[in-house]
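Thanks for sharing this one. Here are a few notes to read alongside the model, with the aromatic side chains taking up most of the space.

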Amino acid sequence: MQIKILVIAAFGMLLLNYGTARADYIVASNFPASDADSNVTDGVGVISQIENYNNLAAGQSFTPTANGILTTVEAHIAGAVEVLMPSTPPPLEVSLFKAVNCTPTVLLGTLEEQPSDFRSWSVDVSHRYAIDFSQLQIPLIAGEQYFIAFQTPVGVPGFVEIWSPYLVGVKQSLSIPFPPPSLGSYASVAPNWNDWHTEPNYELLITVSAIPEPCCLHLFAACIFFGYATVGRRNKKALVRIN
């Protein structure tokens, strides 16, 4: 009887944790409180001989303030004006990397978003989107550096950067010299999709959210429950054989 009570209590703790600990919390953000529009952008996915871009990519490093499982990355994203696009846009790849010195190193996961997912750019990038990473179950560790990259698998020919198939909003300071970035690092760009370098004047606007990881107590509760269930099944089979 005592074992049954212990199992019921452990299972109840597990259900309580599952029901109450699923809310997202922010682990990194540089969005202003007013969520102001961004009229400054980084282009993504353009090939421009004039500006020497060969599939331009943009990214932002960040350091989580708490542990958790990554759920969403929010950003101001817009698609290009259709009349500026000489061909059908490729999908937008949003990738998470581990990072060292604001440079991506180990790829942790990539999501592919379609052009139809975003409204086209008109006057400014004011379209805030949440990219859902929850299906990938990527753990974030507080104090470690990560990098979110916005890229396309192939570049699209364009006259200048504004002809990019995608535009990502940035946070730019108007003061001189530029103040320290609120995320601890400035934005990065890769003119050829791969060779990243830091842009010391601005940040990409992002908000990174996560949910808590299961703690040891709840894992222990789960082990008790499933262990008891296994023993119960074995005992039931033994009684059947005896009878």
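**Notes on the aromatic side chains and the fold**

1. Let me start with a charge and a ring: Arg128 has its charged end over the ring of Phe31, at 3.8 Å from the ring centre. Please keep in mind throughout that this is a predicted model.

2. For the overall picture, the chain has 17 strands and 2 helices. It is 243 residues long, and 42% of these count as buried. Among contacts with a separation of 6 or more, 81% are between residues 24 or more positions apart.

3. On the outside, the chain's accessible surface is about 13,100 Å², with 60% of that belonging to carbon and sulfur atoms.

4. Back to the rings: the structure has 5 aromatic pairs. One of them is Phe62 with Tyr146, a stacked pair with 5.9 Å centre to centre and 25° between the planes. This pair brings together distant parts of the chain, since Phe62 belongs to strand 5 (residues 57–62) and Tyr146 to strand 11 (residues 146–151), 84 residues apart. Phe62 and Tyr146 are both buried.

5. Phe118 and Tyr129 make an edge-to-face pair, with centres 4.9 Å apart and 85° between the planes. Phe118 lies in the loop between strand 8 (103–113) and strand 9 (128–132), while Tyr129 is in strand 9, 11 residues away.

6. Is Tyr129 buried or exposed? Its relative accessibility is 18%, so Tyr129 counts as buried, the cut-off being under 20%. Phe118 is buried too, at 8% relative accessible area.

7. Finally, ring pairs join Phe118 and Tyr129 with Tyr166 in a cluster.

Notes
Residues are numbered from 1 along each chain as its sequence is written. This is a predicted model: local features need pLDDT of at least 70, side-chain atom pairs count only at pLDDT 80 or more; totals for chains, interfaces and linings use all residues. Side-chain values use heavy atoms; hydrogens and water are left out. Helices (H or I, at least four residues) and strands (E, at least two) are DSSP runs, numbered from the N terminus. Buried means under 20% relative accessible area, exposed over 50%, partly exposed in between (1.4 Å probe, protein chains only). Contact means heavy atoms within 4.5 Å. Accessible areas come from the Shrake-Rupley method with a 1.4 Å probe; for residues, only the protein chains shown count as cover. Rings of Phe, Tyr and Trp (its six-membered ring) pair if their centres lie within 6.5 Å; planes under 30 degrees apart count as stacked, over 60 as edge-to-face and the rest as tilted. A charge sits over a ring if NZ of Lys or CZ of Arg is within 6 Å of the ring centre and within 35 degrees of the ring normal.
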